[in-house]
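Colleague: I'd like to learn how to read a few features in this one. Can you walk me through them?

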Protein chains: 2
Amino acid sequence: MSAAEIKMVRSTAEINRENLEAVLRGRFFYAPAFDLYGGVSGLYDYGPPGCAFQANVIDVWRKHFILEEDMLEVDCTMLTPFEVLKTSGHVDKFSDWMCRDFNTGEIFRADHLVEEVLEARLKGDKEARGLLEDANASAQEDNNKKKRKNKVKQIKAVKLEDDVVKEYEEILAKIDGYSGEELGQLMEKYNVGNPVTGESLEAPRAFNLMFETAIGPSGQLRGFLRPETAQGQFLNFNKLLEFNNSKTPFASASIGKSFRNEISPRAGLLRVREFLMAEIEHFLDPEDKSHPRFAEVKDTKLSFLPREVQQAGSTEPIVMSIGEAVKTKLVDNETLGYFIARIAKFLLTIGVDETKMRFRQHMANEMAHYAADCWDGELKTSYGWIECVGCADRSAYDLTVHSNKTKQKLVVRQKLDTPVEVKKWEIDLTKKLFGPKFRKDAPKVEAYLLNLSQAELKAKSEELKANEKIIFQVDGIEGNLELDGNFITIEERTKTEHVREFVPNVIEPSFGIGRIIYSVFEHSFWNRPEDTARSVLSFPPLVAPSKVLLVPLSNHKDLAPITAQISKLLRAEKIPFKVDDSGVSIGKRYARNDELGTPFGITIDFASIKDGSVTLRERDSTKQVRGSATDIIGAIREITYNGVSWDEGTKDLAPFVSQSETV
Amino acid sequence: MSAAEIKMVRSTAEINRENLEAVLRGRFFYAPAFDLYGGVSGLYDYGPPGCAFQANVIDVWRKHFILEEDMLEVDCTMLTPFEVLKTSGHVDKFSDWMCRDFNTGEIFRADHLVEEVLEARLKGDKEARGLLEDANASAQEDNNKKKRKNKVKQIKAVKLEDDVVKEYEEILAKIDGYSGEELGQLMEKYNVGNPVTGESLEAPRAFNLMFETAIGPSGQLRGFLRPETAQGQFLNFNKLLEFNNSKTPFASASIGKSFRNEISPRAGLLRVREFLMAEIEHFLDPEDKSHPRFAEVKDTKLSFLPREVQQAGSTEPIVMSIGEAVKTKLVDNETLGYFIARIAKFLLTIGVDETKMRFRQHMANEMAHYAADCWDGELKTSYGWIECVGCADRSAYDLTVHSNKTKQKLVVRQKLDTPVEVKKWEIDLTKKLFGPKFRKDAPKVEAYLLNLSQAELKAKSEELKANEKIIFQVDGIEGNLELDGNFITIEERTKTEHVREFVPNVIEPSFGIGRIIYSVFEHSFWNRPEDTARSVLSFPPLVAPSKVLLVPLSNHKDLAPITAQISKLLRAEKIPFKVDDSGVSIGKRYARNDELGTPFGITIDFASIKDGSVTLRERDSTKQVRGSATDIIGAIREITYNGVSWDEGTKDLAPFVSQSETV
């Protein structure tokens, strides 16, 4: 088969998830963590090939984003004190809605439950109408659903009213955006209860998804495991700005584990409690969101699923260039658009199937209240479309709340070419009166007053005018404090400013590496049509866990020296490889290896001893060519690391009549 | 200065820790985490140069160990259920001794307190005897101690009896090995109390160092953040063995964060609550601890501090080859010795000063009870000798306890060339009686009996003989169960075995990456003798955060095109670099850069525009050479990545008369 034919097979075949998982677990890409102890849901370990694949994906990410754009990488702690996440809003808002079954004690995640129940009813309706087009596909889908351990065990063929079908479909298109109250109403209206017993459940209540712990021996410092790497980057903003010689725009980046205490995680690697993230915080001028390199990406064509389309209950994407999308204001600004295009390019580089990638805009009720715009890079898997990358304009929210809380400035200062006149509220203190009145607390009171924001000064000025005094509280001093016009003067004055000061906005591309990796597993998995028992993981060579399988034809001792010699050549070229001298048939060894996704095989035979030539096999096409070890390794290097195609990379090598691939 | 002279300056100079920290923080190698919020002790963030340095160290580690020895890398979760760490012994034993001051509520770590107080008294004694040799060095040392925020604020010049001095010194040499009770006795005997108030403290009690959390919404699954990566590797043993085609010896490896809830962490990056570890678990036959590559390392000369030397109260190391150390049984076996030598080589590669490295053997009371032998790779810093790498023979302990707890085999099965006769305890069940007696519990009872160990079978056989019945309990079944000889037969039988089954032993090299990094910072730091205000971090080029500073002589626009052109060449060669076109003096830019440890500078001047030549500057010697950009970049590549010396790498380039380095 040609590369194009193989691609078609992979893109169109329905994934048999059970087979894929058998391969991934059998070859130890991953395994449930602690399964010797019965396992803990939502926790997985990566074995050697999974670990190597992950390291390669991270390496590509680092080069594609951090090195290419000169980003400032930081590594911040996962342990995070309560106060920080209280300020960021996570303590109050980072939660999912859970419903408890009063009788059984079972706990359900409300949105997932509604989704599953309505989907099952729609399916039952289709069955009742005799509308299930493809019995095989449906069986496969059922199978996949079953593996997801759905709560809905049985689907009953019950016909629904036409307008109920329409209502269900509209709800499902908006399922990510409902509040707890709305979910409760839906459950009541559509009679969604415990899918096994049919009993109704308690109303949804918020469950905070952060893992809590106590820091230090006294146990008094509450802390959480971070739910994202972003906060660490925001808190270091001043240091990063200084490191960047006070110039903006610039971006910081961080790669590390984050944690979410999911209510009842299923869906394998897609919903886990501990996961690897890679996040970028791009700090820029709120008045200028253009991007100097936007022209380089503007012709990138992508599938968009805008807010309005979803509101209309549709999932039909719009294909257009990112240039067009920004021009028409579908995507809010150039920098957001630039990153969307760069995200797409990264995903394609590591093996995402272009036909299974789309960018979905957040709906108004789904987006954080402070966000200016937000797009999710979604990948299609057997679990449906999965959010794998978020790309949000977080505006100035985070820096502002941390600055307000800590009373420390988190701003950019820009020298103005021409000074400007601005009106500004200012406060003057009659300091000599503060000592006698407040004694040791005087410095605290002064600091509080001098740190009031413009809005606060304006309000206090009005209060002073109206009441001839102001009343306020200061952290660390008990009770209300009062001051009159003898102590303070608050006025709006016209000032000439030579420096512009602003809180930068933040564009945040945020990658769930585990979800991306799992999606690439699905997009890369196929079975050879000539022998459906033989599975292949067609990873791009750049990210494949190992690049070469070195296969001596037999374990005859005469083949050992040349095997050692070629191993040495590969090691010198820093090309990761494995030797398989197990002695089973070549076909079997390659079949095993195709499941590991190793793109190249080098076969060493008795002719190799005489003339130094070896055979190179390509995983997907099973094509073979012959040449000297040096030339073969050169071709591997070019194809793997320099993006050269197989045909181009092997054009000077002799075609080789294939040994049988029969296992 | 020559390279040798610089090395001497660096090795012998007393580190001025305050200056070093000012550089490290000023250049954002690291910063206290959450300092916007006042900070949390024991938590630090790495900024861009620290992060890059760490990534490079990890990269070297991965190549030096994992790739070179074909280890199986895994990535396991940090969240760990209670049961696992109960079995491993961490729940009961992973603790430090803390003492509370009943009056003030202050908490002290007992061993550190004893150490500090006795050290302070010894110092006071020296002062009283007029024995402080070097007033400057002493002032510096005091300064360093102060920065450590010692509890002991003041040192009083009080002469001690000669035998008390000797006792103190002996205690200090053994300080890591005392139990809580012993520490309490020492505190009583030597009157060690709150160093400020002098009041005595509560007796030491154990404080478990693991961070606890709850997994899942019901909060019923207790969990911890892992204190080491090792347990995840042990639990995956069977999968790893299978992945390795059931062959031993083999090693797994893991790089990731671990957590320890330190009592009152000080000492900066050396004692933190969240830290990066790299651990290897080498599984091998307990009857054969030889290593096939030992010959390659046997001549490596190292400084050893054996157990007996420490017991005698001395800290004078013994220098010998690792071959000699294994031969004389100073080091227990070849594999342990092989790893000690490889650890040393790794440390030297990333910039550890050979004169500040030693291997200290654990004392009997300090070593885990199951360990066969244990050596710490220690590095000398201004805080004293610091344990940075542990290299322990953990015997079969971990696999055995997990296997016993989970009743699952964790063994290697080895086909025997000649079968052997062995005596074995076996149990036969009269199965037809089990159903009627135990009903639904029958399978549980049967599984319990069939999983009894050899020792348990022997004991049960004796019990049966003595009492005509056995009494036992089974998990999940209430109360005692009884069986007599009608149900079971237990006999010792002679069997012919074709397979040998054994629990492998484990050699564990375990690296605290953060401590190693900090030690390299200290070992790399020095001031130019001609201008002591100018600090340099002389990192080996291989691990330096950035390799090249690209410096256009001025920010004249004519220099921009060639700067861009050379940037492109460097990017194509994948050499990390930074451009500094800030326009301040060349000397200032290089001085700033020396603090970042960048090994090379490329200066672009107006001659570069004409003939394409540029100047290459070496950080330590400030030597300069001139050549074409291609040749210069070639030299940088050879020196950085292929271990070529400066003299060798630049021998074809023309020496260049240095521009002034004056800042």
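Colleague: Which residue of chain B comes closest to the rotation axis?

Modeller: B:T213 does, with its C-alpha at 2.7 Å. This is a predicted model, where local features need pLDDT of at least 70, side-chain atom pairs count only at pLDDT 80 or more, and totals for chains, interfaces and linings use all residues. Residues are numbered from 1 along each chain as its sequence is written, chains are lettered from A and ligands numbered from 1 in the order in which they are written, and side-chain values use heavy atoms, with hydrogens and water left out.

Colleague: And what turn and shift lay chain B on chain A?

Modeller: Copies are superposed by least squares on the C-alpha atoms of residues with pLDDT of at least 70 in both. Here a turn of 180 degrees with a shift of 0.0 Å along the axis does it, at an RMSD of 0.1 Å. That is the relation of a two-fold axis. The same surface serves both copies, as 100% of the contact residues of chain B recur in chain A (contact means heavy atoms within 4.5 Å).

Colleague: Now helices. How is a packed pair described?

Modeller: By the angle between the two axes and the distance between them. Axes are lines fitted to C-alpha atoms, for helices over the stretch in contact, and angles run from 0 to 180 degrees between N-to-C directions. Helices are DSSP runs of H or I with at least four residues, strands are E runs of at least two, and both are numbered from the N terminus. In chain B, helix α17 (residues 431-438) and helix α18 (residues 442-450) have axes that come within 8 Å and cross at roughly 130 degrees. That makes α17(B) oblique to α18(B); under 35 degrees counts as roughly parallel, over 145 as roughly antiparallel, 65 to 115 as roughly perpendicular, and the rest as oblique.

Colleague: Which residues meet there?

Modeller: B:K431, B:F434, B:G435 and B:F438 from α17(B) meet B:A442, B:V445, B:E446 and B:L449 from α18(B).

Colleague: How do I read an aromatic pair?

Modeller: Rings of Phe, Tyr and Trp (its six-membered ring) pair if their centres lie within 6.5 Å; planes under 30 degrees apart are stacked, over 60 edge-to-face, the rest tilted. Over all chains there are 50 aromatic pairs. A:F434 and A:F487 have ring centres 5.8 Å apart and planes at 75 degrees, so that pair is edge-to-face. The two are 53 residues apart, with A:F434 in helix α17 of chain A and A:F487 in the loop between β19 and β20 of chain A.

Colleague: Where is there a cis peptide bond?

Modeller: One joins A:T248 and A:P249, with omega about -5 degrees. A:P249 sits in the loop between α11 and β10 of chain A. In chain B, the bond from B:T248 to B:P249 is cis too, with omega near -10 degrees.
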